[in-house]
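Reader: Hi! Could you walk me through this one? I'd like to start with a single residue and work outwards.

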Amino acid sequence: MGSGRRMKRKQRGDIELTQKPRKEGAPAAKKRKTATAKADPAPAKKQKKAPKPALDEDDDEFDVDAINSDDLDGEGEAFDEDSVFDSDEEEQQLQQQKKEFLFSDDEDDDSDREERLTAANIEGLTRKLDQQLEEEAQAAEAELQEAAIQTNIGGEDVFADEEEGAKPLSMLAPDLQLLRSRINDVIRILGDFSKLAEPGRSRAEYTAQVLKDISAYYGYSPFMAEKLWNLFPPQEAYAFFEANETPRPVVIRTNTLKTHRRELAQALINRGVTLEPVGKWSKVGLQVFDTTVPLGATPEYLSGHYILQAASSFLPVMALQPQPNERVLDMASAPGGKTTYCSAMMNNTGVVFANDPNKARAKGLIGNIHRLGVRNTIVCTYDAKEFPRVMGGFDRVLLDAPCSGTGVISKDPSVKTSRTEKDFITLPHLQKQLLLAAIDSVNHASKTGGVIVYSTCSVTVDEDESVVQYALRKRPNVRLVDTGIPFGREGYTSYMGKNFDASLKLTKRFFPHTVNMDGFFVAKFQKVGPSPKDTGREKVEKDYDMEMHQPIVDEDEEANGAKKEDDFGGFDEEEDQDYIERAKHNAMRRRGFNPRADSAKKEESKKEAVKEDVPMEDVPKDEVAKKEESKKEESKKAAPKKSASKEEAPKEAAKKESSKKEVSKKGASKKGATKKA
Ligand SMILES: C[S@@+](CC[C@H](N)C(=O)[O-])C[C@H]1O[C@@H](n2cnc3c(N)ncnc32)[C@H](O)[C@@H]1O
């Protein structure tokens with residue numbers, strides 16, 4: 001079987017993030033066949049059976065035996081060769097799946113208990129598997145035929161068509177079969193260059209050829225093809241490009257504010273949805289294999305029991321680990337998959353500031369917040385670079401940064417051609433600014449947190465490791481810590497001649513071809529000291545700490561107390577001003593604002609008020625005296641001018657006289673009203 005289809009099959013089934021549906025302790029070795037499949041290909045049908053997902057937590061690998069059996073270079077990682085199932089083993093496994101369906105990692109107290117899948121779900125799953133097997137058998141047949149007709153590009157003579165005077169392939173409508181075959185050949189040669197390369201041909205020539213073919217075959221701009229190619233050894237780059245051609249599994253996140261995963265699974269199974277837990281690593285995710293109902297319109301969806309959310313999008317929140325009663329900032333939050341997950345993890349306590357400057361997207365965010373019954377969120381629409389000037393002192397900050405989207409090409413193929421070199425300058429620039437703002441917004445002295453998580457759905461080093469490296473350099477008061485995510489690949493510590501801090505290996509990369517998730521990057525920082533260059537920011541953190549250690553007076557009690565006295569006494573603004581101020585103060589604290597910052601602002605504006613012409617009762621008495629003095633001075637100076645414009649003077653005087661009357665009338669009626677009451 002050719003590499004392409006075998007990998008596709010793998011993406012559908014073999015490399016999946018779902019938990020292995022076998023009894024705890026059953027030998028893991030059962031699931032796969034090994035390199036014999038390569039050396040001595042079994043009949044296609046046999047090889048293609050049993051695509052059931054089976055991935056342990058550390059299965060961050062993929063099958064490239066289809067391409068080349070050589071180990072990966074550089075980082076010493078090897079491709080997972082044993083991805084092909086033996087038909088007998090498959091059968092056993094299938095039987096076992098039918099018997100068992102584990103919700104062992106469910107969120108309830110009986111967390112490791114095995115639960116049986118309902119008959120309906122088994123049936124659905126089996127039907128789906130049968131269908132897959134059927135499709136794969138057909139694909140294998142087609143591939144055999146295809147192999148039989150492949151004669152004109154063969155062996156290692158990958159430059160043949162260019163040289164023999166024939167029109168280069170690039171000038172013809174692309175013959176996909178030929179391109180694919182040549183890509184395969186060149187990848188194989190690059191994998192064992194000294195043995196397989198044509199004498200006199202350089203590696204660069206082969207690379208240029210394969211990049212041209214990849215651009216044509218998969219539809220990337222030459223720039224993007226090269227950028228992504230450079231991330232991996234040749235065999236793996238090929239697997240990456242292939243994986244971008246197939247959609248990732250549909251995953252939903254259980255909203256634990258409203259239901260439990262087991263209940264939700266049962267409800268959806270009853271509606272004809274075939275699903276299973278997304279993997280041992282998540283207690284809330286469900287992978288959907290098949291559905292007879294639209295997942296965005298079920299009663300469970302509409303009543304907020306789940307949200308459609310890519311598995312990769314769980315990861316930054318899992319790394320962030322927001323705790324109940326904390327104060328969290330989600331800097332770039334729309335449409336809110338991660339915000340609402342934070343709220344669920346915090347059990348609707350504390351406060352999450354969900355920020356996104358894109359107002360149209362913020363509407364979607366608000367919609368999700370309402371639908372999912374989230375009540376601890378404040379939505380704001382700042383450019384996140386404005387933080388922490390807007391507010392600081394957070395326990396945790398999530399920056400799920402705007403990015404080029406090179407990790408989600410299967411969802412948005414326009415990324416293949418729309419991104420230019422300029423994007424990989426401007427986006428990292430913005431990401432660096434945002435990450436510094438995220439760091440400076442966190443309270444390093446937070447008793448529970450002091451954590452910043454930076455994530456992107458891009459796989460380019462410019463937007464990931466380079467940004468993190470920049471932040472480490474600019475903010476020595478943060479250090480990288482383990483993300484706590486049990487799978488994924490370590491971040492790069494060196495790339496194309498650039499060396500990064502050794503701690504970069506604590507960051508995590510996720511690739512479509514390794515874990516069958518969207519490409520993603522996650523870095524977790526711990527803030528260990530105040531931001532050094534900005535004492536103002538330190539003060540914000542100190543102020544916030546002091547505020548948080550004073551008891552919050554219950555606003556309702558206060559209001560009731562005030563009302564009791566108020567029943568017949570009328571509303572005297574001056575007398576109640578104290579209550580109003582205190583209530584405002586408490587309300588601000590509850591919402592996470594620093595009331596002191598506000599009172600500092602008020603002081604400022606009082607000073608301003610002296611300069612401007614504002615009502616005297618709003619200005620402190622000594623300021624009033626000063627103001628009176630300066631007014632007298634001013635009127636002395638202005639006197640000659642006034643007499644110069646004689647015609648204006650009477651009108652002005654009349655106006656002032658009538659406005660004085662207005663004011664005194666209003667004052668009288670106000671006093672009268674108070675008296676009446
Ligand atoms: C990757 S998306 C966020 C997805 C979101 N975290 C979720 O899980 O649903 C990036 C977001 O960054 C926002 N964004 C762009 N520029 C920004 C800026 N200067 N400050 C804050 N957010 C920004 C975009 O509007 C976009 O919604």
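Author: Happy to. Leaving aside neighbours within four places in sequence, Ile-307 is in contact with Val-251, Ile-252, Arg-253, Gly-337, Thr-340, Asn-368, Arg-371 and Leu-372. Keep in mind that this is a predicted model.

Reader: Thanks! Where does Ile-307 lie, and is Ile-307 buried or exposed?

Author: Ile-307 lies in strand S4, residues 306–308. Its relative accessible area is 6%, so Ile-307 is buried.

Reader: And how far apart in space are Ile-307 and Gly-285?

Author: They are 9.8 Å apart, C-alpha to C-alpha, with their positions 22 residues apart in sequence.

Reader: Let's zoom out. How many helices and strands does the chain have?

Author: There are 26 helices and 15 strands. The chain has 677 residues, and 48% of them count as buried. It exposes about 33000 Å², with carbon and sulfur atoms supplying 52% of that area.

Reader: What share of the contacts join residues at least 24 apart?

Author: Among contacts between residues at least 6 apart in sequence, 75% do.

Reader: Nice. On to the interior: which residues have the most contacts inside the largest nonpolar core?

Author: Those are Leu-435, Tyr-454 and Phe-525, in a core of 64 residues. Helix H18 (residues 423–440) gives the largest share of this core, seven residues. There is also a second, separate core of 26 residues, which includes Trp-281, Val-284, Val-352 and Phe-510.

Reader: What does Phe-525 touch?

Author: Not counting residues up to four places away in sequence, its partners include Leu-435, Tyr-454, Val-468, Leu-472 and Leu-480. Leu-480 lies in strand S10, residues 478–481. Leu-480 is buried as well, with a relative accessible area of 6%. Among the residues that Leu-480 touches are Ser-503, Leu-504, Thr-507 and Ala-523. Ala-523 is 43 residues from Leu-480 in sequence, but the two are 7.2 Å apart in space, C-alpha to C-alpha.

Reader: Changing topic to helix packing. At what angle do H7 and H11 pack?

Author: Helix H7 (residues 176–191) and helix H11 (residues 234–243) pack at about 150°, and their axes are 8 Å apart. Angles over 145 degrees count as roughly antiparallel, so that is how H7 and H11 run relative to each other.

Reader: Which residues meet there?

Author: From H7, Arg-180, Ile-183, Asn-184, Ile-187, Leu-190 and Gly-191 meet Pro-234, Gln-235, Tyr-238 and Glu-242 in H11. By class, this contact has five nonpolar, three polar and two charged residues.

Reader: I always check backbone oddities before setting anything up. Where are the cis peptide bonds you'd point out?

Author: One runs from Ala-334 to Pro-335, with omega near 5°. Pro-335 sits in the loop between S5 and H15. That loop is also the place of Ser-333, which counts as buried at 4% relative accessibility. Another cis bond joins Phe-387 and Pro-388, with omega about 5°, and Pro-388 is in the loop between strands S7 (377–380) and S8 (396–400).

Reader: And which residues have a positive phi without being glycine?

Author: Asn-348 is one of them, with phi of about 65°; Met-496 is another, with phi near 45°. Asn-348 is in the loop between H15 and strand S6 (351–355), while Met-496 lies in the loop between strands S12 (494–495) and S13 (498–499).

Reader: Is each of those two buried or exposed?

Author: Asn-348 is buried, with a relative accessible area of 14%, whereas Met-496 is exposed, at 60%.

Technical notes: Residues numbered from 1 in each chain as written. Predicted model: local features only at pLDDT ≥ 70, side-chain atom pairs only at ≥ 80, totals over all residues. Heavy atoms only, no water. Axes fitted to C-alpha atoms, helices over the stretch in contact; angles between N-to-C directions. Helix = DSSP H or I, 4+ residues; strand = E, 2+ residues; numbered from the N terminus. Parallel < 35°, antiparallel > 145°, perpendicular 65-115°, else oblique. Contact = heavy atoms within 4.5 Å. Nonpolar A, V, L, I, M, F, W, Y, C, P; charged D, E, K, R; others polar. Buried < 20%, exposed > 50% of the residue type's maximum accessible area, 1.4 Å probe, protein only. Areas by Shrake-Rupley, 256 points an atom, 1.4 Å probe, with all protein chains shown as cover. Core = buried A, V, L, I, M, F, W, Y, C linked by side-chain atoms within 4.5 Å.
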